[in-house]
Every structure is written in C-alpha cells, then in structure tokens.
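Here are my notes on the model you sent. Please read them with the structure open.

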Amino acid sequence: MWSRGSRPVETVCDPAPKPMPKGVRTVRFMIIVKANKDSEAGVMPEERLIAAMATYHEELTKAGALLDASGLQPSSKGWRVKYSGGKRTLVDGPFAETKELIAGYTIIQAKSRQEAIDWTKRFPNPAGEGQEAEIEVRQLFELEDFGPSEAVERFREIEAAKKK
C-alpha cells in the first residue's frame, strides 16, 4: 500500500522498467536510507533483507539503472567537519539525531522522474517488511544544470579523465 500525503493508495509494484537504451539522456537520483537505532548500533540486517536488496539491485543492474549502492557504518565510526569563518573543526561521531543520519544509499539513473519513482516504489523496506522505515529520494545535479563557466569546464575535464 502506498500513500501520497495522508491518503493511502493501494498499488502493485510494476515490473522493472525496460533496460536503458545507449545515448538516452538520463537523470540521476540518490535513494537515501535513513538510519535507525539498530543501524546506529551496528546491527547487521537479516539475511532475508540482504537477499531482497540483492534482488532489487540485480534488477537495477539488468535495466542499466544502477550507478552505485552501499550501506554505511554507524556514525560512531565517522566524523564531521564544521566550518566557521576560516576555521575547520573535526567532530567525531556518534551523532545524536538518528533521524538525520543515513544508513545507506543507492544511486540510480532513470529516463524520467516517474521512472525513478517506479524504481523507488520497489525498494525493499530497509527495516524489514512490516516495520516502520523511510527512504528519501533526491535528484542529483548534472553539469548541464549550471551555466557555462571555467569551473564547470574543469569538472567536465575531471569526468572525462575518470572515463579513460
């Protein structure tokens, strides 16, 4: 069951979108898996969830939509850098606000926003079926979204060098 806003909408997951044709302009999206107390405690997901995620990512790969994906270690193994004026301060984890933390991500490319929505509706519940969880999806900027500039051209050169 899906809901838009506060009204639930019954839906059946659509079959995986067709493979990405070469040369088609795509849009990239990041699927962000929100952390919870278990992920922050370092509790590993159950085998059933790992298998569901593997199946989902295999489907993305077959369709040419998967760009990257990974789970993240708890924030206790991370750090932040705070900027204040010209000063940088390193702050070691863990971080208190679990709801603001990320436990993992998947980056996909799609032909449209709607295709990305179709893919995200198929994303397995990251906390396990029947549990409360949330994913967030954000579109990534493309270099074409910025006006022409010397700095943007430098990024184009970096992208070209990565492909060599």
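The points below cover the main pocket, a surface patch and one peptide bond.

1. Status. This is a predicted model. Please read each point below with that in mind.

2. Pocket size and centre. The largest pocket has a volume of about 1200 Å³. Its lining counts 40 residues. Nearest the centre lie Met-44, Pro-45, Leu-49, Pro-126 and Ala-127.

3. Who builds the pocket. Which element gives the most to the lining of the largest pocket? Helix 2 does, with six residues. That helix spans 47–62. At least two lining residues each also come from strand 3 (27–34), helix 1 (37–40), strand 4 (66–71) and strand 7 (102–110).

4. Pocket chemistry. The lining of the largest pocket is mixed by class. It has 19 nonpolar residues, 12 polar ones and nine charged ones.

5. Surface patch. Trp-79, Val-81, Tyr-83 and Leu-90 make a nonpolar patch on the surface. The patch covers about 490 Å². Strand 5, residues 79–84, gives the most to this patch, with three residues.

6. Tyr-83. Is this patch residue buried or exposed? Tyr-83 sits in strand 5. Its relative accessibility is 58%. The cut-off for exposed is over 50%, so Tyr-83 counts as exposed.

7. A cis bond. Check the peptide bond from Gly-93 to Pro-94: the model has it as cis, with omega near 10°. Pro-94 lies in the loop between strand 6 (87–92) and strand 7. Strand 7 is also one of the elements that supply the lining of the largest pocket.

Terms used. Residues numbered from 1 in each chain as written. Predicted model: local features only at pLDDT ≥ 70, side-chain atom pairs only at ≥ 80, totals over all residues. Heavy atoms only, no water. 1 Å grid on protein atoms, 1.4 Å probe; cavity = no way out; pocket = protein on both sides within 12 Å on 5 of 7 lines; lining within 4 Å. Points joined across faces, edges and corners; volume = space filled by probe spheres on them. Helix = DSSP H or I, 4+ residues; strand = E, 2+ residues; numbered from the N terminus. Nonpolar A, V, L, I, M, F, W, Y, C, P; charged D, E, K, R; others polar. Patch = residues over 30% accessible without salt bridge, like charges linked within 9 Å, V, L, I, M, F, W, Y side chains within 5 Å. Areas by Shrake-Rupley, 256 points an atom, 1.4 Å probe, with all protein chains shown as cover. Salt bridge = Lys/Arg side-chain N within 4 Å of Asp/Glu carboxyl O. Buried < 20%, exposed > 50% of the residue type's maximum accessible area, 1.4 Å probe, protein only.
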